[in-house]
Amino acid sequence: MFCVAPPESEAKMNITKGGLVLFSANSNSSCMELSKKIAEDVNTTIMELLIMVYACKTSCAKSIIGVIPYFPYSKQCKMRKRGSIVSKLLASMMCKAGLTHLITMDLHQKEIQGFFNIPVDNLRASPFLLQYIQEEIPDYRNAVIVAKSPASAKRAQSFAERLRLGIAVIHGEAQDAESDLVDGRHSPPMVRSAAAIHPSLEIPMLIPKEKPPITVVGDVGGRTAVIVDDIIDDVDTFLAAAETLKERGAYKIFVMATHGLLSSDAPRLIEESAIDEVVVTNTIPHEIQKLQCPKIKTVDISMILSEAIRRIHNGESMSYLFRNIGLDDT
């Protein structure tokens, strides 16, 4: 249980930047954790962005460029049952506020660009991550690029082709967080009475999916395995993939991604896992997580963002920043 009140009140509380006080009950630790997460919600930053953009618009700014390296709610970019497409809502709000151009990096799905009616430059972090592999991973030529699920195989293939390395795909892992089974919304309900359907309507029911046993397509024995993805948030699937690779004889295991959300107990779980190193870019601040887990390393991508801003400001072509990036790259 929690409530809001003026800041003069005295109690165990979390004070937000705006002077709002969030009170929480002390009966259990979970209530305190919930109140902390509410007080630190990303929506505060989104509202600050919208207000600043609108202020610039009403001040007759010629152009307003938004630099959002990690686009929030990017995983909620498609309709699941009757759920909302939150990333489309954010795009509409940003355009309505007055944004004239957006610079972002490695959108979860590149189709999100279609939600905007303004130019969107979806930059790539892969050149920086590829450079890290070549310079920081000993004997990287004996490595294999790994996709922890068939869904990320395209990204793994792109890395493997540029490094001239082999590829492996893990198939049959536990259902990930984007599946309908763990979506949390059942519409229509899973259990329906016979009276709810008209007798003349015979709607065929799909056979439910069953995950096959975990298999690894590709040879990882005695080699360094490099798992690539775009976002690292809940690390359960990465830990399961690392355990599978270890069982198949992988020598070392690296995990590389653009956006390191690393929420909840991710640092502790990584530190205790079979993963040797997690490499992410600085699109999202994660200094606290690095203090908790020395395995987390950071690659700086500020150079490409500053160059993008300079080119847009001077009216120069952006094609240089997308050189050697094919249409199928994610």
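Which residues of the largest nonpolar core touch the most other members?

1. **Main core.** The model is predicted. Its largest nonpolar core has 34 residues. Leu123, Ile133, Ile145, Val226, Met256 and Ile304 touch the most other members. Several elements each supply at least two residues of this core: strands E5 (101-105), E7 (143-147), E10 (224-232) and E11 (252-260), and helices H4 (126-136), H5 (153-163) and H9 (302-314).

2. **Met256 and the second core.** Met256 deserves its own look. Beyond its neighbours within four places in sequence, Met256 is in contact with Leu129, Tyr132, Ile133, Val226, Ile227, Val228, Asp229 and Val279. Another core, of 28 residues, lies apart from the largest one. Leu239, Ala257, Ala266 and Ala274 are among its members.

3. **Seven-stranded sheet.** This sheet is open, and its pairing is mixed. The strand order is E9-E8-E7-E10-E11-E12-E13. Strands E9 (215-217) and E13 (296-299) are the edges, and each pairs on one side only. From one strand to the next, the twist averages 25 degrees. At the E13 end, strand E12 (residues 277-281) runs parallel to E13, joined by four bridges. Val279 of that pairing stands opposite Lys297 in E13.

4. **Helices on the seven-stranded sheet.** H4 packs on this sheet and touches E10, E11, E12 and E13. The direction of H4 makes about 160 degrees with that of E11. Helix H6 (residues 236-247) also packs on the sheet. H6 touches E7, strand E8 (166-171), E9, E10 and E11. Its direction makes about 170 degrees with that of E10.

5. **Three-stranded sheet.** A further open sheet has the order E4-E5-E6, with parallel pairing. Strands E4 (65-68) and E6 (120-123) stand at its edges. Each has a single partner strand, so one side of each lacks a neighbour in the sheet. Direction ignored, neighbouring strands are turned by 15 degrees against each other on average. Four bridges join E4 to E5, and E5 pairs with E6 over four bridges too. Thr104 links to both sides: Ile68 has Thr104 as its bridge partner in E5, and Thr104 stands opposite Asn122 in E6.

6. **Faces of E4.** In a regular strand, side chains alternate between the two faces of the sheet. E4 shows such alternation. Gly66 and Ile68 point to one face and are buried. Ile65 and Val67 point to the other face and are not buried. H9 lies across E4, E5 and E6, at about 160 degrees to E5.

7. **H2 against H3.** How are helices H2 and H3 oriented to each other? Helix H2 (residues 43-58) and helix H3 (residues 86-97) pack at an angle of about 25 degrees. Angles under 35 degrees count as roughly parallel, and H2 and H3 are therefore roughly parallel to each other. Their axes are 8 Å apart. From H2, the contact uses Ile46, Leu49, Leu50, Val53, Tyr54 and Lys57. From H3 come Leu90, Met93, Met94, Lys96 and Ala97. By class, nine of these residues are nonpolar, none polar and two charged.

8. **Two positive phi values.** Two aspartates are worth checking by eye. Asp106 has a positive phi of about 45 degrees, though not a glycine. Asp106 lies in the loop between E5 and E6 and is buried, with a relative accessible area of 4%. Asp139, also not a glycine, has a positive phi of about 50 degrees. Asp139 sits in the loop between H4 and E7. Asp139 is exposed, with a relative accessible area of 56%.

Methods
Residues numbered from 1 in each chain as written. Predicted model: local features only at pLDDT ≥ 70, side-chain atom pairs only at ≥ 80, totals over all residues. Heavy atoms only, no water. Axes fitted to C-alpha atoms, helices over the stretch in contact; angles between N-to-C directions. Parallel < 35°, antiparallel > 145°, perpendicular 65-115°, else oblique. Contact = heavy atoms within 4.5 Å. Nonpolar A, V, L, I, M, F, W, Y, C, P; charged D, E, K, R; others polar. Core = buried A, V, L, I, M, F, W, Y, C linked by side-chain atoms within 4.5 Å. Buried < 20%, exposed > 50% of the residue type's maximum accessible area, 1.4 Å probe, protein only. Pairing = 2+ DSSP bridges.
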